[in-house]
Every structure is written in structure tokens, then in C-alpha cells.
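Here are my notes on the model, set out as numbered points. Please read them with the coordinates open.

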Amino acid sequence: MKISSRIRNITPSATVAITGRVAALKKEGVNVINFGVGEPDFATPDHVGEAGKAAIDQHKTHYTAVAGILELRQAICKKLREDNGVEYTPEQISVGTGAKQPLFNALLALCEKGDEVILPTPCWVSYIEMIKLTEATPVLVPTKESEGFALDVDAIERALTPNTRVVLINTPNNPTGAVYSQESLRRLAALAVERDFVILSDEIYEKLIYGGAKHFSVASISEEVKKHTVIINGVSKAYAMTGWRLGYAAGDTQLIKGMNALQSHATHAPCSIAQYASLEAICGPQDSVETMRQEFERRRDYLFGRLNAMSGVRCPHADGAFYLMPTISGLFGKKTPDGKVLQNSDDVAGYLLEEARIAVAPGAAFEAPESIRISYANSMEELIRGMDQMEAALGKLG
Ligand SMILES: Cc1ncc(COP(=O)(O)O)c(C=O)c1O
């Protein structure tokens with residue numbers, strides 16, 4: 001069957017592929033620790049699950065408004081006001097299936113052929129593919145490991161052209177864990193107003209932030225900056241709700257209207273049950289978020305110490321999300337026990353899977369060819385075992 005070039009040109013998600021490979025190996029009885037995971041290893045809080053069950057029992061199981069039920073959009077507005085210091089009305093909120101859908105809807109509503117989307121790299125795997133699907137051109141602007149992958153506003157300014165439509169940022173960042181400083185976001189915001197582009201701000205890891213770092217939402221700077229910003233967020237990471245598939249966008253009324261028009265034809269609205277559960281997640285007790293955050297911080301500290309103690313590995317500090325991205329180019333040129341020379345991040349990830357029985361994401365998938373991404377959404381016991389196995393495997397390199 002002939003497949004459209006649009007689809008032929010998509011690179012399937014590398015991180016989803018790793019999870020598939022780990023599942024296949026586990027089925028064969030091989031015990032692999034999966035450091036490639038992109039979701040919390042915690043259960044969805046019980047009170048949230050109960051709200052989902054109640055929605056079923058109360059037969060709240062029909063189509064909802066395309067943009068999401070009003071109560072949920074009102075709750076999101078309250079959250080954005082209280083947590084992020086930014087005012088929106090329910091007409092400025094579009095709730096979708098995961099954060100992925102509103103993100104893709106926003107890109108489709110903003111961009112077309114001839115437009116450029118600036119993307120700081122390393123970046124999450126899906127951004128480039130989504131941008132390409134809109135027929136806009138992704139313009140990759142690297143951040144530096146030596147600067148902790150901080151937002152490089154000077155480099156972004158140099159990359160701006162009259163065709164720049166969007167600058168897509170993600171803080172806290174997947175895959176680097178970097179949390180962008182308020183000062184860098186203020187500089188980017190000033191550019192957005194001056195040069196008239198949109199900041200698409202993916203804040204999905206907002207609640208997972210450590211060591212006293214603070215999340216700052218660029219839209220909170222001023223009304224003018226807010227007009228140039230679209231916030232993307234959701235419940236997946238903060239409330240361990242990846243399977244419920246619920247996220248949202250907040251932005252300009254006309255843009256949200258356009259995104260809703262698109263969604264009305266694509267999926268209509270997110271699952272009604274997930275919407276009621278998410279309402280409880282956002283409005284109910286928040287203690288489970290803090291419990292999870294503290295545990296992630298403990299694991300991050302452990303992993304950071306272990307990685308930096310390994311020869312050929314250098315891991316920058318990272319204050320957010322649940323990933324560390326060590327540079328492993330110090331291993332390139334080394335020989336495995338069966339005589340293979342490690343030449344790139346795929347080789348290193350392949351060797352770690354083979355020899356250490358740990359699955360990590362090769363950095364190339366995130367435009368970081370000298371790195372690997374390690375997720376600490378794993379129990380402390382698995383982290384200890386995985387790091388021991390990694391250290392032993394690296395010790396065998398010649
Ligand atoms: C940076 C980033 N944005 C968005 C998403 C998508 O989130 P959701 O599962 O809610 O669609 C992810 C998921 O991995 C992510 O890492």
C-alpha cells in the first residue's frame with residue numbers, strides 16, 4: 001500500500017521503541033532494567049482513581065465539550081493563576097488527549113510551509129516530528145553541556161529570521177533535566193514581543209523540580225508576553241497519570257478556538273472519565289506530588305554521584321524532570337570484550353543493554369549524539385543494581 005510522504009518521513013519515537021525492546025527481552029526471561037522510561041513509576045493517587053470510578057458510576061461517560069468540561073477548564077485557570085501567576089479564562093484553555101495532542105494542535109494551528117520553528121537541543125523526541133508534520137522547518141539551536149544545557153538566548157536571537165513563527169521551549173527539560181532561569185526567559189520574552197514570534201512553552205515537568213530550583217512560567221511576565229505565549233501542561237507527569245491521557249494548552253482565544261476546531265474533527269474531546277479524574281488531581285490534595293518529588297530528588301542525587309564516578313562518563317547537574325543526560329563521548333574508541341569499537345551513542349546504549357542489562361536512551365534520538373539519557377523513574381533498588389551493572393560493564397572496556 002502506498003503510504004504518504006508525510007508519514008514515510010516520520011521517525012518513530014525512539015523512547016517508545018526502547019520500552020518495546022525491554023518488554024520483548026523480559027518476555028524471553030532476560031532481566032533488563034529500563035532506564036529509558038518516560039513516566040513516573042508511582043501509582044496514580046487513589047483519590048484520583050476514585051474520581052474516575054465515580055465518573056463511570058455516575059454515567060459521566062458521554063461526549064463532552066470539545067475543549068473539555070467547563071469545571072476542568074475553570075480548575076486549570078485557577079491552577080495557572082495560583083501556581084504560575086498568569087490569568088486565563090476558560091475560553092483560553094483547550095484540554096486534549098495527553099499533552100501531546102494540544103501541543104500538536106497548537107503547532108498545526110500556528111505553523112505552515114515556509115515557517116520556521118526554533119528548537120533548543122537536546123530536545124524531546126516528538127518535537128521535530130510534529131514540526132515536520134506541520135510542513136514548517138525545525139531550526140535546531142544547541143545548548144551547551146558546559147552550561148548545564150541552559151537556554152542560550154543569544155544563539156536563539158542569531159537564529160531568528162522573518163520566517164520564525166515559534167520558539168518551542170521545554171522547562172524543566174526532557175531530556176537534559178535543565179530548568180531555565182527566570183533571567184533567560186525574560187530575555188526570550190522580550191525578543192518574542194520585539195520580533196513577534198510565539199513562545200510555545202511546554203511545562204509538563206513543572207512539579208518535578210529539585211534542590212530549591214523554582215519553575216518560572218514565561219507567560220507570567222506581562223500581558224504582552226502572555227499574548228505571545230502558549231502554555232502546554234497536563235497531569236501525566238505530576239500525578240503519575242500517563243495512561244489517562246490528559247493535557248491542556250492555555251493561550252490566545254482565537255488560537256484556542258482554532259485548536260478546538262481541529263480537535264473537534266480529530267478526536268472530539270479527551271476521555272470524559274479522565275477529565276473528571278484530572279479535575280480531582282488538580283483540585284484535590286497535592287501531598288502525593290510532594291512525596292513523589294522528594295523520592296525523585298533522592299534518586300537524582302544518587303544517580304548523579306554514581307555516574308560522575310564512572311570513567312569516561314561526565315554528568316552535568318540537572319534540577320528537574322526525572323532524567324540525567326551524561327556525556328559518554330569519553331567511551332568512544334573503547335573496545336568491548338568481543339572486540340567491537342564503540343563509536344557513537346547507539347553503540348554505547350547497545351553495549352549497556354548487552355553487557356550491563358540496562359536499557360538507556362541513546363542521545364542521538366534527542367539531537368545529543370555524545371550523550372545518553374537515563375531516567376530515574378525506577379526504584380532505588382533498581383537504580384543501585386543498574387549503576388553497579390553499568391560500572392562493571394564499563395570496567396570491561398579496553
Ligand atoms: C517534554 C514532554 N512534553 C510532552 C510530553 C507528552 O505528555 P503526555 O503523556 O501528557 O502526552 C512528554 C512525554 O514524555 C514530554 O516528555
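1. Start in the loop between α3 and α4 (70–84), where His59 has its place. His59 is not a glycine, yet its phi is positive, at about 60°. Bear in mind that this is a predicted model.

2. Helix α3 spans residues 46–57 and packs with helix α11, residues 272–283. Their axes come within 8 Å and cross at roughly 145°. The crossing is right-handed. On the α3 side, the contact is made by His47, Val48, Ala51, Gly52, Ala55 and Ile56. On the α11 side, Ile273, Tyr276, Ala277, Glu280 and Ala281 take part. By type, the residues of this contact are eight nonpolar, two polar and one charged.

3. A second helix pair is α5 (residues 100–110) with α10 (residues 253–266). Here the axes come within 9 Å, and the crossing angle is roughly 115°. The α5–α10 crossing is right-handed. From α5, the contact residues are Gln101, Pro102, Asn105, Ala106, Leu108, Ala109 and Leu110. They meet Leu255, Met259, Leu262, Gln263 and Ala266 of α10. Nine of the residues in this contact are nonpolar and three are polar, with no charged residue.

4. Next, the ligand. It is surrounded by 13 residues. The closest are Ala99, Asn174, Asp202, Ser236 and Lys237.

5. Which atoms of Asn174 and Arg245 lie 2.8 Å from an oxygen atom of the ligand? In Asn174 it is a polar side-chain atom. In Arg245 it is also a polar side-chain atom. Lys100 contributes through its backbone: a polar backbone atom of Lys100 is 3.0 Å from a ligand oxygen. On its own the ligand has 390 Å² of accessible area, and the protein covers 93% of it.

6. Two cis peptide bonds deserve a look. One joins Thr121 and Pro122, with omega about -5°. Pro122 sits in the loop between β3 (116–121) and α6 (125–133).

7. The other runs from Thr171 to Pro172, and its omega is near -10°. Pro172 belongs to the loop between β5 (164–170) and α8 (182–195).

8. Points to check by eye: the positive phi of His59, the cis bond before Pro122 and the cis bond before Pro172. For the ligand, look at the polar side-chain atom of Asn174, that of Arg245 and the backbone of Lys100.

Definitions and conventions: Residues numbered from 1 in each chain as written. Predicted model: local features only at pLDDT ≥ 70, side-chain atom pairs only at ≥ 80, totals over all residues. Heavy atoms only, no water. Axes fitted to C-alpha atoms, helices over the stretch in contact; angles between N-to-C directions. Helix = DSSP H or I, 4+ residues; strand = E, 2+ residues; numbered from the N terminus. Left-handed = near helix turned anticlockwise from the far one by under 90°. Contact = heavy atoms within 4.5 Å. Nonpolar A, V, L, I, M, F, W, Y, C, P; charged D, E, K, R; others polar. Near = heavy atom within 4 Å. Polar contact = N/O pair within 3.5 Å; in protein donor to acceptor, adjacent residues only side chain to side chain. Areas by Shrake-Rupley, 256 points an atom, 1.4 Å probe, with all protein chains shown as cover.
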